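Me: I'd like to go through the salt bridges in this model and check what earns each label. Can you take me through the reasoning?

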Amino acid sequence: MNNDNTELNSNRALQVLADAYAAQAAGQLSKARALESANTLAQSAESLPLELRLPLRYHQARLLAIGDKRDQALKVLDDLDSASAIFPEAIWLRIQLAASEASDQANQMRWTLEDQLGSLLPMSAWGRSLDSRLEQREADKLEQPLSDSPLRPTIPRLDADKLLRIASLYDQMAMNAEGANAYREAIYSVFAPPGFPETGAETWMSDTLAATWLAIARNEASLGVKRWAAQAVFMAVASSPRVRAAAAELLRDIESGKKSAIGSKPNAKMLIEIAGLYRACNLHLRAIQALDRTAELPGVNVSSLRDEIVAEWSKLVSSYMSGRDQICFLFGFKTSSTPPEKLLPGQFSYGER
């Protein structure tokens with residue numbers, strides 16, 4: 001494949017995204033312009049490698065839907081699903097498009113898609129909804145009443161500032177896998193999904209998060225996760241046109257397979273801070289992961305703090321299960337058959353079905 005042609009078309013796609021979403025934010029994205037932008041994206045994507053082409057398809061589908069070409073948008077989303085490109089925003093768009101239908105079949109499809117999001121994003125609102133549905137099904141199977149305790153602790157207790165601080169600390173230590181996961185968990189769990197047709201403020205696709213998406217892309221490019229690094233670049237530009245130049249430079253690195261030469265540099269003070277922040281969010285096992293990494297550093301002993309957090313987590317889980325021991329679920333796990341030390345939300349999945 002001609003590298004110059006690839007760069008030309010990827011830059012063209014970035015510009016189309018920047019212009020289309022900026023026009024929408026200004027209330028100037030007509031249906032005709034949305035369709036024109038979708039068509040240009042499709043043309044640009046054809047000559048791009050699969051890793052770059054698939055993430056663009058989501059934006060093509062969204063612009064088609066804005067242009068009232070709902071069936072075409074759904075066909076693009078179906079193609080993504082067939083390619084096992086499981087982008088949370090694409091699943092959410094399918095849910096939004098299905099919301100206009102009032103039928104049992106449409107309702108069932110929405111619930112299935114919401115459960116899919118819950119499995120993919122266990123810390124999110126969909127993850128909590130999935131746990132509730134699993135509990136209801138288990139209660140029905142066991143013929144037990146489903147009751148809730150007003151004293152039941154909130155797990156997780158999400159806080160955007162804390163989760164983004166955790167991600168930033170991992171980023172500063174060049175711990176790319178942990179940083180990318182923490183950033184994605186913060187975005188998908190704390191911020192609202194984009195509205196339709198306008199995305200809205202403080203959502204996954206808003207100016208607030210443009211720089212965060214670029215940080216994700218840098219971390220994932222260093223890991224060689226090209227498809228997801230490209231997805232983050234396109235989400236950054238969709239969030240704000242002001243990052244287009246930085247996005248273009250980063251996309252060149254992703255296309256070429258360039259990785260950061262900087263190795264990870266774990267820092268005891270930062271890792272202990274991360275553990276404290278996770279603990280405050282009732283994500284104690286994430287805190288334990290940070291402490292276990294700390295314990296690998298020379299001259300650092302965190303065993304006492306680790307034991308304290310383990311004991312606290314065990315009590316928290318016990319309180320969470322109170323009154324529903326046999327039907328309680330957390331992060332998709334049935335708590336009665338899962339030891340507390342295994343009740344850990346899954347890392348963000350880059351795998352394919």
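Reply: Sure. A salt bridge here is a side-chain nitrogen of Lys or Arg within 4 Å of a carboxyl oxygen of Asp or Glu. Keep in mind that this is a predicted model.

Me: What makes Glu 273 and Arg 165 a salt bridge?

Reply: Their closest N and O atoms are 2.9 Å apart, and the cut-off is 4 Å, so the pair qualifies. The two link distant parts of the chain, with Glu 273 in helix α13 and Arg 165 in helix α8, 108 residues apart.

Me: Why is Glu 273 called partly exposed?

Reply: Its relative accessibility is 31%, which falls between the 20% and 50% limits, so partly exposed is the right label. Arg 165, at 35%, is partly exposed too.

Me: How do you know that Glu 138 is buried?

Reply: Buried means under 20%, and Glu 138 has a relative accessible area of 10%, so it counts as buried. Its salt-bridge partner is Lys 141, at 3.5 Å from N to O. Lys 141 is at 60%, over the 50% limit, so that residue is exposed. Both lie in helix α7, 3 residues apart, about one turn of the helix.

Me: What does the salt bridge between Arg 133 and Asp 115 tie together?

Reply: Arg 133 lies in helix α7 and Asp 115 in helix α6, so the pair ties together parts 18 residues apart in sequence. The N to O distance is 2.7 Å, within the 4 Å cut-off. Both residues also belong to one network with Glu 114 and Arg 137, joined by salt bridges that share partners.

Methods
Residues numbered from 1 in each chain as written. Predicted model: local features only at pLDDT ≥ 70, side-chain atom pairs only at ≥ 80, totals over all residues. Heavy atoms only, no water. Helix = DSSP H or I, 4+ residues; strand = E, 2+ residues; numbered from the N terminus. Buried < 20%, exposed > 50% of the residue type's maximum accessible area, 1.4 Å probe, protein only.
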